[in-house]
Amino acid sequence: MKLAQIEAEALSLPETERAKLAQKLLLSLDNSSESEIAESWLDTVQGRARELDEGIVEPISADEVRRKAQALLR
């Protein structure tokens with residue numbers, strides 16, 4: 001099976017299944033354990049929450065993020 005075919009099939013999956021697949025693919029690239037990855041994500045989330053609470057950054061809606069991501073992929 002060629003990469004283009006795999007990509008097309010993956011993109012046709014429902015959003016939740018694409019997210020699960022993306023997570024598995026990303027985990028396959030990293031030698032870190034799941035607990036190390038979870039800890040890293042927790043650190044990132046806590047840092048971002050602190051930035052929001054302190055007014056350092058402004059929140060962006062999920063719809064806006066999706067629009068920007070789709071524009072970059074075109």
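These are legends for a set of close-up views of a predicted model.

**View 1. The whole chain, an all-in-one look at four helices and zero strands.**
Follow the sequence and the pattern reads α-α-α-α. The radius of gyration is 16 Å, well over the 11 Å that the globule rule gives for 74 residues, so the chain is more spread out than a compact globule. Lay the C-alpha trace along its principal axes and it spans about 50 × 35 × 20 Å. Just 4% of the 74 residues count as buried. The accessible surface adds up to about 6900 Å², and carbon and sulfur atoms own 56% of that.

**View 2. The charges, with 10 positive and 15 negative side chains in the chain.**
How far apart do the centres of the positive and negative sets lie? They sit 9 Å from each other. As for direct pairings between charged side chains, the structure holds three salt bridges, and the next views go through them.

**View 3. Glu15 and Arg66, a salt bridge between two helices.**
Here the side chains of Glu15 and Arg66 meet, with an N to O distance of 3.5 Å. Glu15 belongs to helix α2 and Arg66 to helix α4 (residues 62-73), so this pair ties together parts that are 51 residues apart in sequence. Is Arg66 buried, exposed or partly exposed? With a relative accessible area of 37%, Arg66 is partly exposed, because that value falls between the 20% limit for buried and the 50% limit for exposed.

**View 4. Arg66 again, this time with Asp63 as its salt-bridge partner.**
The closest N and O atoms of Arg66 and Asp63 are 3.5 Å apart. Both residues lie in helix α4, three residues apart, which is about one turn of the helix. Asp63 is partly exposed too, at a relative accessible area of 46%.

**View 5. Glu64 and Arg67, a salt bridge with its closest N and O atoms 2.7 Å apart.**
This pair also lives in helix α4, with three residues, or about one turn of the helix, from one partner to the other. Glu64 has a relative accessible area of 26% and is partly exposed. Arg67 counts as partly exposed as well, with 48% relative accessibility. Which residues do salt bridges with shared partners join into one network? That network consists of Glu15, Asp63 and Arg66.

**View 6. A patch of negative charge on the surface, made by Asp30, Glu36, Glu39 and Asp43.**
Pick out Asp43 as the residue to look at: Asp43 lies in helix α3, which covers residues 34-53. The relative accessible area of Asp43 is 47%, making it partly exposed. That is over the 30% that patch members need, so Asp43 clears the accessibility cut-off.

**View 7. A nonpolar patch on the surface, formed by Met1, Leu3 and Ile6.**
Together the three residues offer about 370 Å² of accessible area. Where does Met1 sit? Met1 is in the segment before α1, the helix that takes in residues 3-11. The relative accessible area of Met1 is 69%, and Met1 is exposed.

**View 8. Ala22, a residue of helix α2 (residues 15-29).**
Ala22 counts as partly exposed, at 36% relative accessibility. For a sense of distance, try Leu73 as the other end of the ruler: the C-alpha atoms of Ala22 and Leu73 are separated by 16 Å, while their positions lie 51 residues apart along the chain.

**View 9. Pro14, in the loop between α1 and α2.**
Pro14 has a relative accessible area of 45% and is partly exposed. Thr44 comes 30 residues away along the chain, and the C-alpha atoms of Pro14 and Thr44 are separated by 27 Å.

Conventions
Residues numbered from 1 in each chain as written. Predicted model: local features only at pLDDT ≥ 70, side-chain atom pairs only at ≥ 80, totals over all residues. Heavy atoms only, no water. Patch = residues over 30% accessible without salt bridge, like charges linked within 9 Å, V, L, I, M, F, W, Y side chains within 5 Å. Areas by Shrake-Rupley, 256 points an atom, 1.4 Å probe, with all protein chains shown as cover. Salt bridge = Lys/Arg side-chain N within 4 Å of Asp/Glu carboxyl O. Lys, Arg positive; Asp, Glu negative; His and termini not counted. Charge placed at Lys NZ, Arg CZ, Asp CG, Glu CD. Buried < 20%, exposed > 50% of the residue type's maximum accessible area, 1.4 Å probe, protein only. Rg over C-alpha atoms; globule rule 2.2 N^0.38 Å.
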